[in-house]
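Biologist: Could you pick one spot in this model and take a close look at it for me? Once we know what sits around it, I'd like to see how it fits into the rest of the chain.

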Amino acid sequence: MSPHSIVFVIVLVLSILLVVWVDRLLRPGLRGLLEQIVALPAATEFYLRAFATVIVFVALAAVLGTHPDLKDGARFMEYVWAIAARLQDVFQNLLVVLLVYVGLITVLMAALRRKQ
């Protein structure tokens with residue numbers, strides 16, 4: 001297995017685990033929030049599926065976007081640094097998506113919240 005393949009597989013697996021973790025962490029609260037604000041089950045499902053789709057595609061784009069510069073005789077720490085550099089892209093892109101999504105949900109809450 002080439003050094004590029006090893007780094008790619010490790011980063012892909014870690015990125016998928018990160019996306020699943022973020023989705024499972026945020027989905028229950030987001031579902032409850034959307035059900036109270038929108039009061040339409042189809043809209044709640046749409047926003048949840050859109051959120052999941054976006055974070056999956058952003059993570060995959062970050063994984064596929066860069067290529068490590070490793071040689072065949074690379075040392076262990078070179079693999080670690082290559083994996084960390086690619087995971088940095090995944091984290092940065094997920095952070096931007098989460099910030100934009102929170103902004104959109106905040107605007108949705110402000111516009112559609114029930115009047116007390």
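Modeller: Let's start at threonine 44. Setting aside neighbours within four places in sequence, threonine 44 touches Arg31, Leu34 and Glu35, where contact means heavy atoms within 4.5 Å. Before going on, a word on the ground rules: this is a predicted model, local features need pLDDT of at least 70, and side-chain atom pairs count only at pLDDT 80 or more, while totals for chains, interfaces and linings use all residues. Numbering runs from 1 along each chain as its sequence is written, and side-chain values use heavy atoms, with hydrogens and water left out.

Back to our threonine. Threonine 44 belongs to helix α2 (helices are DSSP runs of H or I with at least four residues, strands are E runs with at least two, numbered from the N terminus). With a relative accessible area of 1%, threonine 44 is buried; the cut-offs are under 20% for buried, over 50% for exposed and partly exposed in between, using a 1.4 Å probe and protein chains only.

Another threonine, threonine 53, is also in α2, which covers residues 41–65. Threonine 53 has 38% relative accessibility, so that one counts as partly exposed. Its side chain reaches back to the backbone oxygen of arginine 49, at 2.8 Å.

Just upstream is α1, and after its end alanine 39 takes a positive phi of about 60°. Helix α1 has 36 residues, 3–38, which at 1.5 Å a residue should span 52 Å (1.5 Å times one less than the residue count); the end C-alpha atoms are 49 Å apart, which agrees. There is a kink of about 40° at arginine 27, shortly before proline 28, taken as the angle between axes fitted to the seven residues ending there and the seven starting there.

Zooming out, the chain has three helices and zero strands, in the order α-α-α. Its radius of gyration is 18 Å, well over the 13 Å the globule rule gives for 116 residues, so the chain is more spread out than a compact globule; the radius is taken over C-alpha atoms, and the rule is 2.2 Å times the number of residues to the power 0.38. Those C-alpha atoms fill a box of roughly 65 × 20 × 20 Å along the principal axes. Of contacts with a separation of 6 or more, 78% join residues 24 or more positions apart.

As for trust, pLDDT (the predictor's confidence per residue, from 0 to 100) averages 85 over the chain, with 95% of residues scoring at least 70. Confidence is highest in α2, at 90, and lowest in α3 (residues 76–112), at a mean of 86.

Note on methods
A polar contact is a pair of N or O atoms within 3.5 Å; within protein, one must be able to donate a hydrogen and the other to accept it, and residues adjacent in sequence count only if both atoms are side-chain atoms.
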